[in-house]
Amino acid sequence: MKFIETKISGVFIVEPKVFGDQRGFFMESYNAQAWTQTIGETHFVQDNHSRSGRGVLRGLHYQLPPFAQGKLVRVTRGAAFDVAVDIRKKSITFGQWVGVELSEENHRQLWVPVGFAHGFLTLTENVDFLYKTTAAYAPSHERSIAWNDPDISISWPDMGEKFKLSGKDEAAPLLKKIEPQYLFT
């Protein structure tokens, strides 16, 4: 397993070793010992699986303490552009983002630690997105930030079509409109 640190400290691209032949492939998608050596002790409590069609944009989502989530995300079918946005008020990278394409071909994963908002855009039909989380889903603690916030200025891939969003994501506030107690220190 290879851990590649991104331009934002704490966010990692994880590249598993993939062993393939004419029969298919094998890979370790998670190894606690390798993980702990690079990322540190992490306790995952929930695995999630979502499926979306082409052009679906989900996010930017996060949860407040005590249900703040770290997420290890990957795509097992299709391809998606995955994004982590730093929402730690005292961070030197506050409001900055990292984006990476995750696909069934490249097997890459992204570690999105606590203190980051997360979102993704599906690039192909029938995208299966899997993620491990460090806290359970808690709707009362869930928050969103506008996917198209001009101050964050995410360079989403041009799909040549309008993105498909939920009502909640369409109505999400800009980062500068979020009250400080609803961000991370």
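I will talk about the sheet, the aromatic pairs and the main pocket of this structure, which is a predicted model.

Let me begin with the sheet. Six strands form an open sheet in the order β1-β2-β10-β7-β12-β5, and the pairing is antiparallel. The edge strands are β1 and β5, each of which pairs on one side only, and neighbouring strands of this sheet are turned by 25° against each other on average, if direction is ignored.

If we start from the β1 edge, strand β1, residues 2–5, pairs with strand β2, residues 12–15, in the antiparallel sense over four bridges, and within that pairing the bridge partner of Ile4 is Ile13 in β2. The two strands β1 and β2 form a hairpin with six residues between them, and Gly10 in the turn has a positive phi of about 95°. Strand β2 also pairs with strand β10, residues 109–112, again in the antiparallel sense, over three bridges, and there Val14 stands opposite Gln109 in β10.

Now to the aromatic residues, where the count comes to 12 aromatic pairs. In one of them, the rings of Phe81 and Trp156 have their centres 6.0 Å apart and their planes at 75°, so this pair is edge-to-face. The pair links distant parts of the chain, since Phe81 sits in strand β8, residues 79–86, whereas Trp156 belongs to the loop between β13 and α2, 75 residues apart. Are these two residues buried or exposed? Phe81 counts as buried because its relative accessibility is 11%, under the 20% cut-off, and Trp156, at 13%, counts as buried too.

Another pair, Phe120 with Phe129, is stacked, at 3.9 Å centre to centre and with 10° between the planes. Phe120 is buried, with a relative accessible area of 5%, and Phe129 is buried as well, at 0%. Elsewhere, ring pairs link Phe3, Tyr30, Trp35, Phe44 and Trp111 into a cluster.

Finally, the pocket. The largest pocket has a volume of about 370 Å³ and is lined by 25 residues, of which Arg58, His61, Lys71, Tyr131 and Glu142 lie nearest its centre. Which elements each supply at least two residues of that lining? They are the strands β5, β6, β11 and β12, together with helix α2, residues 167–170, and the largest share, six residues, comes from β6. By character, the residues of the lining divide into eight nonpolar, 11 polar and six charged.

Methods:
Residues are numbered from 1 along each chain as its sequence is written. This is a predicted model: local features need pLDDT of at least 70, side-chain atom pairs count only at pLDDT 80 or more; totals for chains, interfaces and linings use all residues. Side-chain values use heavy atoms; hydrogens and water are left out. On a 1 Å grid over the protein atoms alone, a cavity is a set of points where a 1.4 Å probe fits but cannot get out, and a pocket is an open set with protein on both sides within 12 Å along at least five of seven lines; lining residues have an atom within 4 Å of a point. Grid points are joined across faces, edges and corners, and a volume is the space filled by probe spheres set on the points. Ala, Val, Leu, Ile, Met, Phe, Trp, Tyr, Cys and Pro count as nonpolar, Asp, Glu, Lys and Arg as charged, and the others, Gly among them, as polar. Two strands pair if DSSP finds at least two bridges between them. Axes are lines fitted to C-alpha atoms, for helices over the stretch in contact, and angles run from 0 to 180 degrees between N-to-C directions. Rings of Phe, Tyr and Trp (its six-membered ring) pair if their centres lie within 6.5 Å; planes under 30 degrees apart count as stacked, over 60 as edge-to-face and the rest as tilted. Buried means under 20% relative accessible area, exposed over 50%, partly exposed in between (1.4 Å probe, protein chains only).
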